Amino acid sequence: MKTIYYFNIIIVFVFFACTRVENRNVNENTVVLNAELNLENDTLNIEKTRRLNNAHSGKYYSSTDSISKYGVGFCKTIPDSLFGYNLSVYISVWVRESLLPVEGEIAVSLNVGDKLIDWKSIKQKDIAYKQGKWIQIKDSLFYPSKLISQKKTFLKVFAMKDSGKDSFDVDDLIIKFKFSK
């Protein structure tokens, strides 16, 4: 009985681990879903890369390095009702590194089951950047409807750092999914 009780508690913690807000706007030919990652919920958030103090906003941010490689992220399963739609993904995130050049990135992968369909990365570009200061990165990606047409299709957006000596910090990750005919 205790095993079932503890298992249920773990499931609840995992379900609420990355507190996120998702809004849905629908019209005839367009569906917009918004996701905002919130690292502030310290009782439910068990994110291993979460750090306290010196965040862009609030108290907490995600920090990863070339050893742990992966930081905060979001996974969106594409519902069957949106198969055949084009998908535009808009990403806004605040990042920082203490050493230049910035080697961390925001990775975006489109998958069908275990198969990787597309991989893109969003990196700091020609933005005036000062070591150890937060900068905002915005970018967008487009996936044609032919890629959004199978069961078990999902999109992952996450922080990643596979080289360098310092940490890659991420805060206030906002993702907008726009499905359109």
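Biologist: Which residues does Tyr-143 touch, not counting residues up to four places away in sequence?

Modeller: This is a predicted model. Tyr-143 is among the residues with the most contacts inside the largest nonpolar core. Leaving out residues up to four places away in sequence, Tyr-143 touches Asn-86, Leu-87, Val-89, Val-108, Leu-110, Asp-118, Lys-120, Ile-148 and Leu-155.

Biologist: Which strand gives the most to the largest nonpolar core?

Modeller: That core has 36 residues, and Ile-175, Phe-177 and Phe-179 join Tyr-143 as those with the most contacts inside it. Strands 2, 5, 6, 7, 9, 10 and 11 each supply at least two of its residues. The top contributor, with 6 residues, is strand 11.

Biologist: Is Phe-168 buried or exposed?

Modeller: Phe-168 lies in strand 11. A residue counts as buried when its relative accessible area is under 20%. The relative accessibility of Phe-168 is 2%, so Phe-168 is buried.

Biologist: What distance separates the C-alpha atoms of Phe-168 and Gly-104?

Modeller: Along the chain, Phe-168 and Gly-104 are 64 residues apart. In the model, the distance between their C-alpha atoms is 5.5 Å.

Biologist: Among contacts between residues at least 6 apart in sequence, what share joins residues at least 24 apart?

Modeller: The chain has 1 helix and 11 strands, and the helix comes before the strands when read from the N terminus. Of the contacts in question, the share joining residues at least 24 apart is 72%.

Biologist: What percentage of the residues of the chain count as buried?

Modeller: The chain exposes about 10,500 Å², with 53% of that area supplied by carbon and sulfur atoms. Of its 181 residues, the buried portion is 40%.

Key. Residues numbered from 1 in each chain as written. Predicted model: local features only at pLDDT ≥ 70, side-chain atom pairs only at ≥ 80, totals over all residues. Heavy atoms only, no water. Core = buried A, V, L, I, M, F, W, Y, C linked by side-chain atoms within 4.5 Å. Buried < 20%, exposed > 50% of the residue type's maximum accessible area, 1.4 Å probe, protein only. Helix = DSSP H or I, 4+ residues; strand = E, 2+ residues; numbered from the N terminus. Contact = heavy atoms within 4.5 Å. Areas by Shrake-Rupley, 256 points an atom, 1.4 Å probe, with all protein chains shown as cover.
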